[in-house]
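Me: Let's go through this model and check what each label rests on. Here it is.

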Amino acid sequence: MPARKQPTPGDAATARQILLDGLARDSDILDLVTELAPLHPRNDTFPGEVFLGLAADALGWCGASRADPLALEGLHERFLPEGRFRGRQHKKFQFAVYAPAALHGGTQPDLPDEIGWWQTDDFWEYALFAVVAYLRAAASRAGVPLRQACQDLAPRPGHPAP
């Protein structure tokens, strides 16, 4: 049996760039899911971790802090109206929203423990939905178009992705 391919830093950069480029072009989220799906190894959380990190970066980019927090109340309704989550789906999305705030605050969420009960291989998709909501919220807070936020958060030559 061949060894399972582990995601590389190049795969992480690719996932981040596909997402940011797609949002800058105003791509539909489901189209992004389709475009990113080949990067997701079965029974793995990747590229979910990349998306959580990008959402945490967006919090820093827009200046969210303990003194000046980004309100999570209504985040879903205001910045991800195309997402409809019920029951377990809502709990999954909620975790994907709270995890970047924990990362931004300097803690590391326990992904294996938290998503173990999910019994599905869809964590990365919920992380994608959460980062889209965070990027839209960060752009709104900064008073710039989403395209600008995506450009600002994209890695620049000579500077690795945060």
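Reply: Helices (H or I, at least four residues) and strands (E, at least two) are DSSP runs, numbered from the N terminus. By that rule the protein has eight helices and zero strands. This is a predicted model, where local features need pLDDT of at least 70 and side-chain atom pairs count only at pLDDT 80 or more, while totals for chains, interfaces and linings use all residues. Residues are numbered from 1 along each chain as its sequence is written, and side-chain values use heavy atoms, leaving out hydrogens and water.

Me: How do you know how the radius of gyration of the protein sits against that of a compact globule?

Reply: The radius is taken over C-alpha atoms, and the globule rule is 2.2 Å times the number of residues to the power 0.38. For 162 residues that gives a value near 15 Å, and the protein has 15 Å, so the two agree. The C-alpha atoms fill a box of roughly 50 × 40 × 30 Å along the principal axes.

Me: What makes Asp-57 and Arg-16 a salt bridge?

Reply: The term asks for a side-chain nitrogen of Lys or Arg within 4 Å of a carboxyl oxygen of Asp or Glu. In this pair the closest N and O atoms are 3.0 Å apart, so the pair meets the definition. Asp-57 sits in helix H3 (residues 48-61) and Arg-16 in helix H1 (residues 9-24), 41 residues apart. The structure holds four salt bridges.

Me: Why is Arg-16 called buried or exposed?

Reply: Buried means under 20% relative accessible area, exposed over 50%, and partly exposed in between (1.4 Å probe, protein chains only). Arg-16 has 3%, so it is buried. Asp-57, at 18%, is buried too. Of the 162 residues of the protein, 44% count as buried.

Me: What about Asp-68 and Arg-141, which also form a salt bridge?

Reply: Their closest N and O atoms are 2.7 Å apart. Asp-68 lies in the loop between H3 and helix H4 (75-79) and Arg-141 in helix H7 (residues 123-142), so the pair ties together parts 73 residues apart in sequence. Asp-68 has a relative accessible area of 42%, so it is partly exposed; Arg-141, at 27%, is partly exposed as well.

Me: How do you know that Asp-122 and Lys-92 meet in a salt bridge?

Reply: The N to O distance is 3.2 Å. Asp-122 is in the loop between helix H6 (111-115) and H7, and Lys-92 is in helix H5 (residues 88-104), 30 residues apart. Both Asp-122 and Lys-92 are buried.
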